[in-house]
Amino acid sequence: MIPRTFLLPVFVILTTFFCVAQEENKLIAKNYCTEIGRFDLLIDNDEVAGAYYLIHKNALGGVWGRLKGNVMTGRWHDADGKGDIIITFESDFSFFTADYRSDDEPEKWYKDSWHGSLRPNKASQFTAKGKTFKCE
């Protein structure tokens, strides 16, 4: 049998470790609607990964990168190709705008060309900031 005098310090050490680990890990999930369809995003401290749906191609795409402040710099890949992307979020992450370029045309940036807004309730489509957002 393990003595209680041993278990108490082990319990305190493990509890402290798990509490610190949980405080350091700030996993945030966001569900956006965009002009091309749904965009689900996970933010883990400064790492970002997301998947989006291209309604017009009936295909999925993905983004991944690093977050500094409210700006994500990374890569995208979908049925249209792959390349670099910069996503700028509003301070509360309720809206974003993206600039991207394709590896096929690295000198040509598409500025302010993709936008997203947090999904309100169960809406499948809505208009905000002069744009129509699709959620499915």
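In this predicted model, a salt bridge joins the side chains of E136 and R119, with N and O 2.4 Å apart. The two partners come from distant parts of the chain, 17 residues apart: E136 belongs to the segment after β10 (131-134), while R119 sits in the loop between β8 (109-118) and β9 (125-128). As for their surroundings, E136 is partly exposed, at a relative accessible area of 44%. R119 also counts as partly exposed, because its relative accessibility of 22% falls between the 20% limit for buried and the 50% limit for exposed residues.

This pairing is one part of a wider picture, as the structure holds nine salt bridges. Side chains of opposite charge can pair when their charged atoms come close. Another example is found at R38 and D40, whose side chains meet in a salt bridge with an N to O distance of 2.8 Å. Here R38 has a relative accessible area of 31% and is partly exposed; D40, at 26% relative accessibility, is likewise partly exposed.

A further salt bridge connects R75 with D84, and the closest N and O atoms of this pair lie 3.0 Å apart. R75 is partly exposed, its relative accessible area being 25%. The contact between R75 and D84 does not stand by itself: these two residues, together with R101 and D103, are linked in a network of salt bridges.

Note on methods
Residues numbered from 1 in each chain as written. Predicted model: local features only at pLDDT ≥ 70, side-chain atom pairs only at ≥ 80, totals over all residues. Heavy atoms only, no water. Salt bridge = Lys/Arg side-chain N within 4 Å of Asp/Glu carboxyl O. Buried < 20%, exposed > 50% of the residue type's maximum accessible area, 1.4 Å probe, protein only. Helix = DSSP H or I, 4+ residues; strand = E, 2+ residues; numbered from the N terminus.
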